[in-house]
Amino acid sequence: MKGLAVLVMALIGGYAGGLILNEVIAVMSQVLYGGDEKGLKGLKYLPVVTSALCSATLMIWRPRPCFKR
C-alpha cells in the first residue's frame, strides 16, 4: 500500500513539475523568438511525459526493504 502512495505522489509531482517546465519554456520562447511557436507543438504533452518519467525512475530507484529470515 505504501508503494501505491509513493507512485501517486510521484505522478502528481511529475505532472506539476512538467506544468512549470512547460510554462517556463513557453515564456522563454515568447521572449527570445517573439511569438514564433511553430517548433513547440509537442510541448503540451510535456506534463504527461514528465509524470511518467518521474514515477518510473522512482519505482526503479526506490530502495527495497530487505527481508529477514
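Let's start inside a helix: Val8 sits in helix H1. Keep in mind as we go that this is a predicted model. Is Val8 buried, exposed or something in between? Its relative accessibility is 39%, and a residue counts as partly exposed between the 20% and 50% limits, so Val8 is partly exposed. Now look across to Ser51: Val8 and Ser51 are 43 residues apart in sequence, yet their C-alpha atoms are 9.8 Å apart in space.

With that pair in view, let's step back to the whole chain. The protein chain has two helices and zero strands. Of its 69 residues, 16% are buried. The chain exposes about 5,800 Å², and 71% of that area is supplied by carbon and sulfur atoms. What about contacts between residues at least 6 apart in sequence? Here 70% join residues that are at least 24 apart.

Now follow helix H1 from end to end. Helix H1 covers residues 2-33, which is 32 residues. From its first C-alpha to its last, H1 reaches 46 Å, close to the 46 Å expected at 1.5 Å a residue. Just after H1 comes Gly34, whose phi is positive, near 70°.

Which residues of H1 are buried? They are Ala10, Gly14, Gly18, Asn22 and Ser29. Part of what covers the buried residues of H1 is the other helix, H2.

Two further residues of H1 are worth finding. Val6 is in this helix, and it has a relative accessible area of 24%, so it is partly exposed. Which residues does Val6 touch, once neighbours within four places in sequence are left aside? Val6 is in contact with Leu58 and Arg62. Val6 can also be paired with Met59: the two are 53 residues apart in sequence and 8.5 Å apart in space, C-alpha to C-alpha. Ala26 is another residue of H1, and its relative accessible area of 25% makes it partly exposed as well. From Ala26 to Glu37 there are eleven residues in sequence and 8.2 Å in space, again C-alpha to C-alpha.

Next, turn to helix H2, residues 46-61. This helix has 16 residues and reaches 22 Å from first C-alpha to last, close to the 22 Å expected at 1.5 Å a residue. Its buried residues are Leu46, Pro47, Thr50, Ser51 and Ser55. Why can we say that they line one face of the helix? Looking down the axis of H2, the buried residues fall within an arc of 155°, so they line one face. You have already met Ser51, one of these buried residues, as the partner of Val8 in our opening pair. The cover over the buried residues of H2 includes H1. On the other side of H2, Val48, Leu53 and Ile60 are exposed.

Finally, let's look at the surface. Ile20, Val24, Val27, Met28, Val31, Leu32 and Tyr33 form a nonpolar patch there, with about 750 Å² of accessible area together. Leu32, one of the patch residues, belongs to helix H1. Why does Leu32 count as exposed? Its relative accessibility is 59%, and exposed means over 50%, so Leu32 falls in that class.

How values were computed: Residues are numbered from 1 along each chain as its sequence is written. This is a predicted model: local features need pLDDT of at least 70, side-chain atom pairs count only at pLDDT 80 or more; totals for chains, interfaces and linings use all residues. Side-chain values use heavy atoms; hydrogens and water are left out. Patches are made of residues with over 30% relative accessible area and no salt bridge: like charges are joined within 9 Å, nonpolar side chains (Val, Leu, Ile, Met, Phe, Trp, Tyr) within 5 Å. Accessible areas come from the Shrake-Rupley method with a 1.4 Å probe; for residues, only the protein chains shown count as cover. A salt bridge is a side-chain nitrogen of Lys or Arg within 4 Å of a carboxyl oxygen of Asp or Glu. Helices (H or I, at least four residues) and strands (E, at least two) are DSSP runs, numbered from the N terminus. Buried means under 20% relative accessible area, exposed over 50%, partly exposed in between (1.4 Å probe, protein chains only). The expected span of a helix is 1.5 Å times one less than its number of residues. The arc is that of the directions from the helix axis to the C-beta atoms. Contact means heavy atoms within 4.5 Å.
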